[in-house]
Amino acid sequence: MTVSDRPARLGTRRSPMATSQSQAVADAITDRTGTRVELELITSYGDVTQARLTQLGGTGVFVNSLREQLLSGGIDFAVHSLKDLPTAPADGLAIAAITDRDDPRDALCARDGRKFSDLPPGAVVGTGSPRRVAQLAALRPDLTYVPIRGNAGTRLGRIAEGEVDAVVLAYAGLARVGRLDDVTDVFEPEQMLPAPGQGALAVECLASRADGDLAYLAAVDHAATRAAVTAERTVLAELEAGCAAPVGAYAEVHDGRLRLRAAVVAPDGSEAVRRERSVGTGGDAAAAASSLGRELAREMIGEGADRIVADAAEE
Ligand SMILES: NCc1[nH]cc(CCC(=O)O)c1CC(=O)O
């Protein structure tokens, strides 16, 4: 028998977004490999705390509980939003697959169907992400940016309650919770670069099983997405920045080339380092992607990007 009797246990956070994306990955695995997959709901610290993301002290608040379950054998593999995954590799764990990326852009959901350019001066925009605040402030210093927490539904609720005039969220996340009707504008990468890894999902498991009994997970790996997010995450790692840093990075494969764009923007939008660079994707794509990210980051550091990151971390 090629298909195991016991379904594989996929660990996921409990939020509607997490369970929706985890179910999509579970279905893709079953479609491509015939392996049955069962969701195990895990509560994470990031889900229960009301603290601002920037005050939680470091990266990984959403992934630690899942990783504990992987290491203790409570689950077989976990699905993470790649942008929530720290760039440092975790001891004993491996990224067995990175699935085909969903729309990586950020989206605006505003009262009265307004576009970003139609928001009146002083309008209140809710977002807890320093990357979003910095890039938005660079475009519209005349708006007021306030932190906001909670899942997508809670954040969208703040508009109806009159607390904010608009919120900015990942388009992919809104799609996963069925809230695309709330989107009134979408930011192109030329205006605002997404978080490294935004829109992509990672399947993580014990390193010792990735080439063993869980080798079938490679069936949902997507090579072009893996190359793109490798380049983006290398920029973040080289800048010694975490997921709460004002760093945007986006790479895409086009006509056989991997094009990487990145921006580091001061929290008030007053200062920015933006660069882009591309490389041919023939040969070892993973190696080309990481050297592309490293070279771009070095250029940016030469222009003071590391200082902007360090200053932002002190605020
Ligand atoms: N930090 C929370 C988080 N992690 C992943 C997504 C969106 C989906 C994705 O990028 O895959 C979100 C919500 C948001 O940024 O609006």
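## A loop, a ligand shell and the overall fold

E240 sits in the loop that links α8 and β11; helices here are DSSP runs of H or I with at least four residues, strands are E runs of at least two, and both are numbered from the N terminus. Keep in mind that this is a predicted model, where local features need pLDDT of at least 70, side-chain atom pairs count only at pLDDT 80 or more, and totals for chains, interfaces and linings use all residues. Residue numbers start from 1 along each chain as its sequence is written.

Most residues other than glycine have a negative phi. E240, which follows α8, has a positive phi of about 55° although it is not a glycine. D112 also has a positive phi, near 55°, and belongs to the loop between β5 (106–110) and β6 (124–126).

C243 shares the α8–β11 loop, with α8 at 223–238 and β11 at 247–254. The UniProt record, an unreviewed entry, annotates C243 as "modified residue: S-(dipyrrolylmethanemethyl)cysteine"; such annotations may be inferred rather than shown by experiment, and their positions are given in the numbering used here, with feature names shortened.

How do these loop residues compare for burial? Counting other C-beta atoms (placed from the backbone) within 10 Å, 20 or more means buried, 12 or fewer exposed, and anything in between partly exposed.

| Residue | C-beta neighbours within 10 Å | Class |
|---|---|---|
| C243 | 24 C-beta atoms | buried |
| E240 | 14 C-beta atoms | partly exposed |
| D112 | 10 C-beta atoms | exposed |

As for α8, 13 of its 16 residues are buried. Its end C-alpha atoms lie 22 Å apart, which agrees with the 22 Å expected for 16 residues at 1.5 Å a residue; the expected span is 1.5 Å times one less than the number of residues.

Now for the ligand. Its shell consists of S81, K83, D84, L169, A170, A172, G173, Q198 and G199. At least two residues come from each of β8 (166–170) and α6 (171–176), and at least three from each of domain 1 (1–100 + 200–221) and domain 2 (106–186), with bounds from an automatic or database domain assignment. By class, the shell has three nonpolar, four polar and two charged residues; Ala, Val, Leu, Ile, Met, Phe, Trp, Tyr, Cys and Pro count as nonpolar, Asp, Glu, Lys and Arg as charged, and the others, Gly among them, as polar.

Zooming out, the chain has 10 helices and 13 strands, and 46% of its 315 residues are buried. The C-alpha trace spans about 65 × 45 × 35 Å along its principal axes.

Conventions:
A residue is near a molecule or strand if its C-beta atom, placed from the backbone, lies within 6 Å of it.
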